[in-house]
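Open the model in your viewer and keep the sequence panel visible. The tour goes from one selection to the next.

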Amino acid sequence: MTMPQRHHAATVVRPGVPAQRPMGRPMQASAVARPVPAAHPAAMPLGRPSVPAPRAAVTFLTVAEVAAMMRVSKMTVYRLVHAGDLSAVRVGRSFRVPERAVQDYLRDAYTDIA
């Protein structure tokens with residue numbers, strides 16, 4: 001039993017279908033180049049893309065860490081957060097306090113005794 005012979009695409013001419021290109025021959029740029037819309041990523045200027053400046057790393061502390069740092073109870077830290085005196089971020093059911101917020105609170109909390 002023999003397999004049926006396949007016809008090569010280059011031998012069959014069909015209207016509207018481009019013929020198979022010969023291998024090894026360089027293509028002309030005019031055959032491939034098309035205008036690119038201005039909004040397309042390929043239309044962006046060449047070179048290194050502008051990278052945004054790195055943000056300063058933010059260190060978040062737990063309520064227990066803030067309480068230990070300030071030498072107060074966790075309930076006192078919760079009261080400060082709920083009163084709005086100490087900024088915090090809610091993550092799930094717990095709070096995370098930026099270290100910078102603790103430093104700012106302590107700096108502003110100093111009182112002069114004279």
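The stops below cover some strands first and then a helix.

This is a predicted model.

**Stop 1: the strands.** Select residues 94-98, which form strand E3. Now add residues 60-62, strand E1. E1 and E3 pair in the antiparallel sense, over three bridges. To find one of the paired positions, click on Thr-62, whose bridge partner in E3 is Arg-96.

Keep E3 selected and add residues 89-91, strand E2. E2 also pairs with E3 in the antiparallel sense, and again there are three bridges. Look for Val-91: the residue opposite, in E3, is Ser-94.

**Stop 2: the turn.** E2 and E3 make a hairpin with two residues between the strands. Select Gly-92 there; the phi angle of Gly-92 is positive, near 65°.

**Stop 3: the helix.** Select residues 74-83, helix H3. Which residues of H3 are buried? They are Val-77, Leu-80 and Val-81. These buried residues lie on the same side of H3, because they cover an arc of only 100° around the axis. Turn the view to the other side of H3, where Arg-79, His-82 and Ala-83 are exposed.

**Stop 4: what covers the helix.** Show helix H2 (63-70) and helix H4 (99-108) together with E3. All of these are among the elements that cover the buried residues of H3.

**Stop 5: past the end of H3.** Select Gly-84, which comes just after H3. Gly-84 takes a positive phi of about 90°.

Technical notes:
Residues are numbered from 1 along each chain as its sequence is written. This is a predicted model: local features need pLDDT of at least 70, side-chain atom pairs count only at pLDDT 80 or more; totals for chains, interfaces and linings use all residues. Side-chain values use heavy atoms; hydrogens and water are left out. Two strands pair if DSSP finds at least two bridges between them. Helices (H or I, at least four residues) and strands (E, at least two) are DSSP runs, numbered from the N terminus. Buried means under 20% relative accessible area, exposed over 50%, partly exposed in between (1.4 Å probe, protein chains only). The arc is that of the directions from the helix axis to the C-beta atoms. Contact means heavy atoms within 4.5 Å.
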